[in-house]
Amino acid sequence: MISVLSIIEDTMVDGPGFRTSIYCAGCRHACPGCHNPQSWDFSGGHSMTTEEIMRIIEADPYANVTFTGGDPMYQPEGFAELAQAIRTRTDKDIWCYTGFTFEQLLGNPRQRALLQLIDVLVDGPFLKACKDSDLVFRGSSNQRIIDVQRSLQESRIVLYPLASKLTVDS
């Protein structure tokens, strides 16, 4: 079960191309200037099963998937189950937004299990002082867009290939 605030279909702001974005409830980072503070409340969502979410994901053959929120890393087991279903039943890529850093996630076995099923991670807290309106797919310049699978294979942070070029002008 995942506590879900909403599911937005065919969005283009949470990663490249059309995406189905799962907005979860709950975040303790409480970043000043957060664009989604209503997502901080852990009791603000409604419970959905993996099967209920998969019906929505599979209904759109063209949209990839984004986990966002709140912070999906506060619900790692539920999102890992969903990510595994996506991997097994589709060829969609998975992006995930979190206020944790990649390094922090590696140190938590529950969060690392979810991390291992993700393609791209946008990591780090939103920092108002680093906000830049020219950024695409992230709110502040301290946040990294990480190619998770390559990073895990190479035991070092590997940025998503287009990360350095992702600005409004791209």
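Okay, let's start with confidence: the chain averages a pLDDT of 91, and 95% of the residues score at least 70, pLDDT being the predictor's confidence in each residue, from 0 to 100. So yes, this is a predicted model, where local features need pLDDT of at least 70 and side-chain atom pairs count only at pLDDT 80 or more, while totals for chains, interfaces and linings use all residues. Residues are numbered from 1 along each chain as its sequence is written, and side-chain values use heavy atoms, with hydrogens and water left out.

One stretch to keep in mind is residues 165–170, where pLDDT stays under 50. For that stretch the model has 11 contacts beyond four places in sequence, a contact being heavy atoms within 4.5 Å.

Now the strands. Helices (H or I, at least four residues) and strands (E, at least two) are DSSP runs, numbered from the N terminus, and two strands pair if DSSP finds at least two bridges between them. S1 and S2 pair in the antiparallel sense over 5 bridges, and there Ile7 stands opposite Ile22 in S2. S1 also runs antiparallel to S3, with 3 bridges joining them; Val4 has His46 in S3 as its bridge partner.

On to helix H1, residues 50–59. Which of its residues are buried? They are Thr50, Ile53, Met54 and Ile57, with buried meaning under 20% relative accessible area, exposed over 50%, and partly exposed in between (1.4 Å probe, protein chains only). These residues cover an arc of only 100° around the axis, which puts them on the same side of H1; the arc is that of the directions from the helix axis to the C-beta atoms. That fits the usual geometry: an α-helix has 3.6 residues a turn, so residues three or four places apart point the same way. Over on the other side of H1, Arg55 and Ala59 are exposed. And what covers the buried side? The cover includes strand S1 (2–11), S2, strand S3 (46–48), strand S4 (64–68) and H2.

Next, charges. How many salt bridges does the structure hold? There are 9, counting a side-chain nitrogen of Lys or Arg within 4 Å of a carboxyl oxygen of Asp or Glu.

Take Asp93 and Arg19, whose closest N and O atoms are 2.6 Å apart. Asp93 sits in the loop between helix H2 (76–89) and strand S5 (94–97) and Arg19 in strand S2 (residues 19–24), so this salt bridge ties together parts that are 74 residues apart in sequence. Asp93 is partly exposed at 24% relative accessibility, whereas Arg19 is buried at 0%.

Then there's Asp119 with Arg87, at 2.7 Å between the closest N and O atoms. Here Asp119 lies in the loop between helix H4 (109–115) and strand S6 (120–123) and Arg87 in helix H2, so the pair ties together parts that are 32 residues apart in sequence. Arg87 is partly exposed, at 29% relative accessibility.

Glu154 and Arg150 make a more local pair: both lie in helix H5 (residues 148–154), 4 residues apart, about one turn of the helix. Their closest N and O atoms are 3.1 Å apart. Glu154 is partly exposed at 33%, and Arg150 is partly exposed at 35%. There's also a network of salt bridges linking Glu51, Glu58 and Arg89.

Last item, cysteines. The structure holds 0 disulfides, a disulfide being a pair of cysteine sulfur atoms within 2.5 Å. Why doesn't Cys24 bond? Because its closest cysteine sulfur, in Cys27, is 8.1 Å away, too far for a bond. Cys24 is buried at 0% relative accessibility, and Cys27 is buried at 12%.
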